[in-house]
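Thank you all for coming; I would like to take a few minutes to walk through one model with you, beginning with the ligand and then turning to parts of the protein itself. Please have the structure open while I talk.

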Amino acid sequence: MSQSKPRVLVTREVFDETLDYLRQHCEVVDNQRDVPYAPEALGKALADCDGLMCALTDKVDPALLAAAPKLKSVANIAVGYNNIDVPACTARGVMATNTPGVLDDSTADLAWTLMLGTARRITEVERRIRNGEWTGWQLKQWLGVDVHHATLGIVGMGRIGQAIARRAFGFEMKVIYHNRKPIAPELERKCNAAYVSFDELLAQSDFIVLQVPYSPQTHHLIGTAQLAKMKRSAILINSTRGGVVDDAALIDVLKKGGIRGAGLDVYENEPKLNPEFLKLDNVVLAPHVGSSTEATRKAMAMLAAQNLVAALQGKLPPNLINPEARR
Ligand code: DGY
């Protein structure tokens, strides 16, 4: 007698190849129209499901878990998983997984895009061309700052932070970093990076890139006090998660010229970013596209699907966040 396949819900549009793979192993409820589920509708849709493949736009909290009594695993299509209440999953024996590794280089590239774009005012000058403001070459026209030979400070030296640091080599930058603890000396050598205190990093860096995960501990890690410790010429890059920066404090400082500029891919309450950002010329704004290349998003979705299938087959998912939940 053939065993019935586990039932899984995929909350957002994914690639055809992801669905094809999932369908080999599961009965799949997809959402290729990509209309995000409201929390209550998500609970209803999940009532008879064994697995959930979700995105950072879905909140997996105790209320949702209570609505899904059969749920065995949650596979996030993201490396960050602050949308998932992991202890609540563990308490219910629900395995939670994420997608580390496959997005490191693309996310590092985007952090660099923001650094270079902010330093050379690239979105501002493009706006000026489009507005017909460019009437000819001038020596002092829309001057930027150099990235090469500057000091890069990286806050959060995990895989993505290290990929950002390695890219600094060609720019002959001095690289300093702060992390919960120093990385292994061998990795420091590969990154050509030196560990400093958080305050030293704030005071010495020309470019500060944030790459820490969002958590209650990193909420508003950068606020008024930290911004005040930065050089007036500093550029701040947030390519990790909204909430790590106090956006209102950042806007205030940018307006006063307290730092030179900011390159942002993530925001508090995104996608409803603070409208004051839109009025500032010294910010480069991107809409949470850090990992958004075709190859990387395909790899993330496939890894999430593989995590989910492994968990539902009783195997150890490659990227299990809460091993205690495995029964
Ligand atoms: C991640 O993987 O955490 C990214 O922010 C998703 O794009």
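For the classes I am about to use, Ala, Val, Leu, Ile, Met, Phe, Trp, Tyr, Cys and Pro count as nonpolar, Asp, Glu, Lys and Arg as charged, and the others, Gly among them, as polar. Please keep in mind that this is a predicted model.

By those classes, the shell around the ligand consists of five nonpolar, three polar and two charged residues, and the residues surrounding the ligand are L56, A78, V79, G80, L103, R241, H288, S291, R297 and M300. Looking at oxygen atoms of the ligand, we find one at 2.7 Å from an N or O atom in the side chain of H288, one at 3.1 Å from an N or O atom in the side chain of S291, and one at 2.9 Å from a backbone N or O atom of G80. Of the 240 Å² of accessible area that the ligand has on its own, the protein covers 89%.

Let me move on to T151, which sits in strand β6, residues 151-155. T151 has a relative accessible area of 12%, and because the cut-off for buried is under 20%, T151 counts as buried. Its contacts, leaving aside residues up to four places away in sequence, are M173, K174, I176, Q204, S205, D206 and F207.

Finally, helix α11 covers residues 247-256, and its buried residues are D247, A249, L250, I251, V253 and L254, with α10, β10, β11 and β12 included in what covers them. At the start of α11, a side-chain oxygen of D246 comes to within 3.2 Å of the backbone nitrogen of A248, while the helix is followed by G257, which has a positive phi near 75°.

Key: Residues are numbered from 1 along each chain as its sequence is written. This is a predicted model: local features need pLDDT of at least 70, side-chain atom pairs count only at pLDDT 80 or more; totals for chains, interfaces and linings use all residues. Side-chain values use heavy atoms; hydrogens and water are left out. A residue is near a molecule or strand if one of its heavy atoms lies within 4 Å of it. A polar contact is a pair of N or O atoms within 3.5 Å; within protein, one must be able to donate a hydrogen and the other to accept it, and residues adjacent in sequence count only if both atoms are side-chain atoms. Accessible areas come from the Shrake-Rupley method with a 1.4 Å probe; for residues, only the protein chains shown count as cover. Helices (H or I, at least four residues) and strands (E, at least two) are DSSP runs, numbered from the N terminus. Buried means under 20% relative accessible area, exposed over 50%, partly exposed in between (1.4 Å probe, protein chains only). Contact means heavy atoms within 4.5 Å.
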